[in-house]
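Student: Could you take me through one part of this model closely, and then show how the surroundings of that part are put together? I would like a single connected account rather than a list.

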Amino acid sequence: MNQSTERNAVVLLSGGLDSATVLAIATGRGYRCHALSVDYGQRHRSELLAAEKVAASMSADIKTVKLDLRTFGGSALTDDIDVPVEEAEGIPVTYVPARNTIMLSLALAWAEVLDAGDVFIGVNAVDYSGYPDCRPEFINAYEEMANLATKAGVTGHRLTIHTPLIDLSKADIIRQGVALGVDYGMTISCYQADEEGRACGVCDSCRIRAAGFTSAGVDDPTRYLS
């Protein structure tokens, strides 16, 4: 793995706990990081503001792309569908159809422009909500496709998609982030945070996040509605 400070990397940054940790990891490995955030019509804009704060804290430039997935809908994060507060079986209604495929495609396009051979994404297949686009099989298949579909790939400049959190528990992610100096008080994981970024405390993402801090033995800096 290249550790050179001369290498550009695109890091998908949602403003949540996982992506903030990934940005810290990529920065620590010596990459010149370009954070990419996507305004896809999600329920709240507070996570986009959180992404800007996180990027600034790590001296990464950030670009926000507006792409309104409410045009298609199909998710509690983009439609007028209640966010579940109880754990559900199967893929939950908070799954946004093809979201990671779309975001990786945007990151891929920017990486080509930046002559960057590395893209980082904070997918996790351990403590997560069961989304199909967070699995190693998806990432491996996407990386192969990307190297077939781009000028960089077919001219011998292979793209690597880095998923440093994919096999870690939420507690291990938090411990690693703390060791790297991540300020998790800046991050927002809640599916239905208010305009001030306060978390509901009851959605799936809030429950996984809170359990992670407890298991890690780290004080939870999350601001809750009550």
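**A close look at aspartate 39 and the packing beyond**

Tutor: Aspartate 39 has its place in strand 2, which covers residues 32-39. The model is a predicted one, and its mean pLDDT over the protein chain is 91, with 94% of the residues reaching 70 or more. Residues 1-5 are to be set apart, since their pLDDT is below 50, although this stretch has 12 contacts in the model beyond near neighbours in sequence. Where pLDDT is low, the predicted coordinates should not be read in detail.

With a relative accessible area of 8%, aspartate 39 falls under the 20% limit and therefore counts as buried. Leaving aside neighbours within four places in sequence, aspartate 39 is in contact with Arg45, Leu48, Thr64, Val65, Lys66, Leu67 and Asp68. The side chain of aspartate 39 also reaches the backbone nitrogen of glycine 41, at 3.5 Å. The C-alpha atom of phenylalanine 120, by contrast, is separated from that of aspartate 39 by 18 Å, the two residues being 81 apart along the chain.

Phenylalanine 120 leads on to the aromatic residues, of which the structure holds four pairs. In one of these, the rings of tyrosine 31 and phenylalanine 120 have centres 5.4 Å apart and planes at 70°, so the pair is edge-to-face. Because tyrosine 31 lies in the loop between helix 1 (17-28) and strand 2, while phenylalanine 120 belongs to strand 4 (residues 118-120), this pair ties together parts that are 89 residues apart in sequence. Both tyrosine 31 and phenylalanine 120 are buried. Phenylalanine 138 and tyrosine 142 form an aromatic pair that is tilted, at 6.1 Å centre to centre and with 50° between the planes. These two residues, phenylalanine 138 and tyrosine 142, both lie in helix 4 (residues 136-149), four residues apart, which is about one turn of the helix. Phenylalanine 138 is buried at 15% relative accessibility, and tyrosine 142 is buried as well, at 5%.

Helix 4 is also among the elements that the buried residues of helix 3 pack against, together with strand 1 (8-12), strand 2, strand 3 (61-66), strand 4 and strand 5 (160-162). Those buried residues of helix 3 are Arg99, Asn100, Met103, Leu104, Ala107, Leu108, Trp110, Ala111 and Leu114. At 1.5 Å a residue, the 16 residues of helix 3 (residues 99-114) should span 22 Å, and the end C-alpha atoms of the helix are 23 Å apart, which agrees. Helix 3 is followed by aspartate 115, whose phi is positive, near 55°.

The packing can also be followed through the nonpolar side chains. The largest nonpolar core has 39 residues, and those with the most contacts inside this core are Val10, Leu104 and Ile139. Strand 1, strand 2, helix 3 and helix 4 are the elements that give two or more residues to this core, and helix 3 gives the most, with seven residues. Isoleucine 139 touches Leu104, Ile121, Val123, Ile161, Thr163 and Ile166, not counting residues up to four places away in sequence. Apart from the largest core lies another, of 27 residues, among them Val11, Leu13, Ala35 and Tyr184.

How values were computed:
Residues are numbered from 1 along each chain as its sequence is written. This is a predicted model: local features need pLDDT of at least 70, side-chain atom pairs count only at pLDDT 80 or more; totals for chains, interfaces and linings use all residues. Side-chain values use heavy atoms; hydrogens and water are left out. Buried means under 20% relative accessible area, exposed over 50%, partly exposed in between (1.4 Å probe, protein chains only). Contact means heavy atoms within 4.5 Å. A polar contact is a pair of N or O atoms within 3.5 Å; within protein, one must be able to donate a hydrogen and the other to accept it, and residues adjacent in sequence count only if both atoms are side-chain atoms. Rings of Phe, Tyr and Trp (its six-membered ring) pair if their centres lie within 6.5 Å; planes under 30 degrees apart count as stacked, over 60 as edge-to-face and the rest as tilted. The expected span of a helix is 1.5 Å times one less than its number of residues. A nonpolar core is a set of buried Ala, Val, Leu, Ile, Met, Phe, Trp, Tyr and Cys residues joined through side-chain atoms within 4.5 Å. pLDDT is the predictor's confidence in each residue, from 0 to 100.
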